[in-house]
Amino acid sequence: MAKDDVVVFEGTVVEKLPNTMFRVLLENDHEILATVCGKMRKARIWVNVGEHVRVEMTPYDLAKGRITFVERKRATATEQQNQ
């Protein structure tokens, strides 16, 4: 299977499990089990409950996935000035 043969979904981390596993609620209201991809693990990027993530899944097993991107809400310049 080629690396391009993945299905990409957006979701929110619902629960943090042992061994860098996470329960993710996808946009289409399906709940899957996901792990952090190797590059994120190597760079020690943390994933917390409630964060919005991008998940890649193989079309053969739609119950498991791999977290490839974490979208964090950063404060804008105007929000920082107001604080």
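Two strands are said to pair if DSSP finds at least two bridges between them, and in this predicted model one such bridge has valine 36 on one side and isoleucine 67, in strand S5, on the other. This bridge offers a way into the fold as a whole, which is described below from its overall layout to its charged pairs.

The secondary structure of the chain comes to two helices and five strands, and from the N terminus on these elements follow one another in the order β-β-β-α-β-β-α. The five strands close into a barrel in the order S1-S2-S3-S5-S4, with mixed pairing, and the twist from one strand to the next averages 55°. Strands of a sheet pair through backbone hydrogen bonds, and they may do so in either a parallel or an antiparallel manner. Both arrangements can be followed in the pairings described here. Strands S3 and S5 run parallel and are joined by four bridges, whereas S4 and S5 run antiparallel and are joined by five bridges. In the latter pairing, histidine 52 has glutamate 71 of S5 as its bridge partner, and a hairpin of six residues leads from S4 to S5. Strand S4 also runs antiparallel to S1, to which six bridges join it; here the bridge partner of phenylalanine 9 is valine 55 in S4.

Among the contacts in the chain between residues at least 6 apart in sequence, 50% join residues at least 24 apart. Of the 83 residues of the chain, 22% count as buried, and the chain exposes about 6300 Å², of which carbon and sulfur atoms supply 51%.

The interior of the model can be considered next. In soluble globular proteins, nonpolar side chains tend to be buried together. The largest nonpolar core of this model has 15 residues, and those with the most contacts inside it are Val24, Val47, Val53 and Ile67. Strands S2 (21–26), S3 (31–36), S4 (52–57) and S5 (64–71) each supply at least two residues of this core. Isoleucine 67, already met as the bridge partner of valine 36, touches a number of residues when those up to four places away in sequence are not counted, among them Phe22, Val24, Ala34, Met40, Val53 and Val55. The contacts of isoleucine 67 also include Arg54, a residue that returns below in connection with a salt bridge.

A second residue to follow is leucine 26, which lies in strand S2. Leucine 26 has a relative accessible area of 4%, and because a residue counts as buried when this value is under 20%, leucine 26 is buried. When residues up to four places away in sequence are not counted, leucine 26 touches Phe9, Glu10, Gly11, Ile32 and Met57. Leucine 26 and valine 13 are 13 residues apart in sequence, and their C-alpha atoms are 8.7 Å apart in space.

Charged residues form a further set of links. Side chains of opposite charge can pair when their charged atoms come close. The count for this model comes to four salt bridges, and three of them are described here in turn. Glutamate 10 forms a salt bridge with arginine 54, with the closest N and O atoms 3.3 Å apart. Because glutamate 10 lies in strand S1 (residues 7–17) and arginine 54 in strand S4, the pair ties together parts that are 44 residues apart in sequence. Glutamate 10 is partly exposed, at 22% relative accessible area, and arginine 54 is likewise partly exposed, at 33%.

Glutamate 51 forms a salt bridge with arginine 72, and the closest N and O atoms of this pair are 2.9 Å apart. The two residues link distant parts of the chain, since glutamate 51 sits in the loop between helix H1 (38–42) and S4, while arginine 72 sits in the loop between S5 and helix H2 (77–82), 21 residues apart. Glutamate 51 is buried, with a relative accessible area of 13%, whereas arginine 72 is partly exposed, with a value of 34%.

Glutamate 56 forms a salt bridge with arginine 66, the closest N and O atoms being separated by 3.1 Å. Glutamate 56 belongs to strand S4 and arginine 66 to strand S5, so this pair ties together parts that are 10 residues apart in sequence. Glutamate 56 is partly exposed, with a relative accessible area of 23%, and arginine 66 also counts as partly exposed, at 36% relative accessibility.

Terms used
Residues numbered from 1 in each chain as written. Predicted model: local features only at pLDDT ≥ 70, side-chain atom pairs only at ≥ 80, totals over all residues. Heavy atoms only, no water. Core = buried A, V, L, I, M, F, W, Y, C linked by side-chain atoms within 4.5 Å. Buried < 20%, exposed > 50% of the residue type's maximum accessible area, 1.4 Å probe, protein only. Contact = heavy atoms within 4.5 Å. Salt bridge = Lys/Arg side-chain N within 4 Å of Asp/Glu carboxyl O. Axes fitted to C-alpha atoms, helices over the stretch in contact; angles between N-to-C directions. Areas by Shrake-Rupley, 256 points an atom, 1.4 Å probe, with all protein chains shown as cover.
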